[in-house]
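Me: I have a predicted model open on my screen. Could you take me through the place where the ligand sits, and then on to whatever connects with it?

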Amino acid sequence: MKAVQISSYGGIEVLSVNENVPEPKAGEGQVLVEVHAASINPFDWKLRQGYAKEYIKLEFPATIGGDFSGKVVGLGENAADFAVGDEVYGQAAVIAGGTGAFAQKLAAPVGKIAKKPQKADFLQAAALPLVGQSALQALETHIALKPKQKILIHGGAGGIGHVAIQLAKALGAYVATTISADDVDFVKELGADEVLDYKAEKFEEKLSEFDAVFDTVGGEVTDKSFKVLKKSLPAGRQGGVIVSMAGAPSEHLAKEYGVNAIGQNTQGDRERLERLAELVDSGKIKVHIDGVFSLDEVKEAFSHQEQGHPRGKVVLKIR
Ligand SMILES: NC(=O)c1ccc[n+]([C@@H]2O[C@H](COP(=O)([O-])OP(=O)(O)OC[C@H]3O[C@@H](n4cnc5c(N)ncnc54)[C@H](OP(=O)(O)O)[C@@H]3O)[C@@H](O)[C@H]2O)c1
């Protein structure tokens, strides 16, 4: 079968589309999937670059890719929750116990997949798993966002950000977001109430008394975000909460500002994928696809994700 593999760490040049990769087999607790589509996340190029090589040991050649959608064509032992012919979506990265998503077939653990949303086609379903579950874990689990609360979402036009805006609006919150000037109309259509151009405006001077910040950017953006949150008060008012996707926020600043600060490591599982499918099927969340590429065009696809400032997601159409 055809699969995108790397045999060393590096830039886009290390990606190769290999034609004769052996087909995977469904092991214990896995299903075999004929892949229809997959999507690229920043994690895929960070892994390719070797940023995670200290703690993730890849065996070369390694098939890369995590997010996918497709049809079940085989079942391993203890995979009876699924049947041949099921249309599924989820995660199959090697580090998540799968065989890699950028391939014509993959094996995925049953705990990392679910039936795909009925209202999403295969391209849309493949775009959703990591970004959707990241937004759900942050807004529903960590922040427990309530109606009328105010949340600032950094990077609102990106993969995670554009889903998070829709989820926050579905939960009844007031949403401010930071984006590039080109993306103003895009995020307003998603429901953003207040839009700030991160290259021209200082969000930390314009916003205050927010209940929550969801940070998909990191670095000094995380540090400056403490200023916009509600502080905890001696009379008993609870301070705001910041969740960052890009590293652990400073504990020192959290103490100084009297807020709760969380560095999120997204945990994907079937329950969260089912909740995401429910939100898609009820029309509350729609993923935006900025570019569709074939497996043979994988270098162009990565280049678009890494440098093309995509709105939403970049997808590989595999079947
Ligand atoms: N910890 C975890 O478990 C986990 C899981 C998933 C993702 N992540 C990480 O989360 C981050 C976001 O992922 P993603 O899929 O949403 O990436 P993405 O699709 O590349 O989106 C990032 C967005 O951030 C915007 N941006 C860049 N600098 C900014 C700034 N200073 N202020 C406001 N916005 C800014 C970009 O806008 P422009 O293109 O206009 O610059 C872009 O729209 C990545 O670093 C990823 O690796 C972590």
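Reply: Before we start, helices here are DSSP runs of H or I with at least four residues, and strands are runs of E with at least two, numbered from the N terminus. With that in hand, look at which helices line the ligand: α1 (42-49), α3 (129-142) and α4 (159-170) each give at least two residues to the shell around it. Keep in mind that this is a predicted model.

The shell counts 25 residues, and the ones that come nearest to the ligand are Gly155, Gly158, Gly159, Ser180 and Tyr198. By class, the shell residues split into 14 polar, eleven nonpolar and no charged.

Now zoom out a bit. The protein chain is divided into domain 1 (3-128 + 288-317) and domain 2 (131-263). Both domains give residues to the shell, so the ligand lies between them. The C-alpha centres of the two domains are 29 Å apart. Where domain 1 and domain 2 touch, seven residues of domain 1 are in contact with eight residues of domain 2. On the domain 1 side of that contact you'll find four polar, two charged and one nonpolar residue.

Back to α4, which deserves a slower look. This helix has twelve residues and spans 18 Å from its first C-alpha to its last, close to the expected 16 Å. Ten of those twelve residues are buried, so α4 is largely enclosed by the rest of the structure. The buried set is Gly159, Ile160, Gly161, His162, Val163, Ala164, Ile165, Gln166, Leu167 and Ala168. Gly159 thus turns up twice, as a buried residue of α4 and among those that come nearest to the ligand. What do the buried residues of α4 pack against? Their partners are the helices α3 and α5 (184-190), plus the strands β9 (150-154), β10 (174-179), β12 (212-215) and β16 (313-317). Following α4 comes Gly172, with a positive phi near 90°.

One of those partners, β16, leads on to Ile318, which sits in the segment after that strand. Ile318 has 27 C-beta neighbours inside 10 Å, and since 20 or more is the cut-off, it counts as buried. Its C-alpha is 7.3 Å from that of Ala38, although the two are 280 residues apart along the chain. Setting aside neighbours within four places in sequence, Ile318 is in contact with Val35, His36, Ala37, Ala38, Gln104 and Leu295.

If you follow the loops instead, there are a few backbone spots to check. Most residues other than glycine have a negative phi, and most peptide bonds are trans. Phe60 and Pro61 are joined by a cis peptide bond, with omega about -5°, and Pro61 lies in the loop between α1 and β4 (62-63). Glu209, in the loop between α6 (203-206) and β12, has a positive phi near 60°. Glu209 counts as exposed, with 10 C-beta neighbours inside 10 Å. Asn78 also has a positive phi, about 55°, without being a glycine; look for it in the loop between β5 (67-75) and β6 (87-91). Asn78 is exposed too, with 11 other C-beta atoms within 10 Å.

As for the record, an unreviewed UniProt entry lists residues 10-316 as "domain: Enoyl reductase (ER)". In the model, the end C-alpha atoms of that span lie 21 Å apart, and the span is 28% helix and 24% strand.

Conventions
Residues are numbered from 1 along each chain as its sequence is written. This is a predicted model: local features need pLDDT of at least 70, side-chain atom pairs count only at pLDDT 80 or more; totals for chains, interfaces and linings use all residues. A residue is near a molecule or strand if its C-beta atom, placed from the backbone, lies within 6 Å of it. Ala, Val, Leu, Ile, Met, Phe, Trp, Tyr, Cys and Pro count as nonpolar, Asp, Glu, Lys and Arg as charged, and the others, Gly among them, as polar. Domain bounds come from an automatic or database domain assignment. Two residues are in contact if their C-beta atoms, placed from the backbone, lie within 7 Å. The expected span of a helix is 1.5 Å times one less than its number of residues. UniProt positions are given in the numbering used here, feature names are shortened, and annotations may be inferred rather than shown by experiment.
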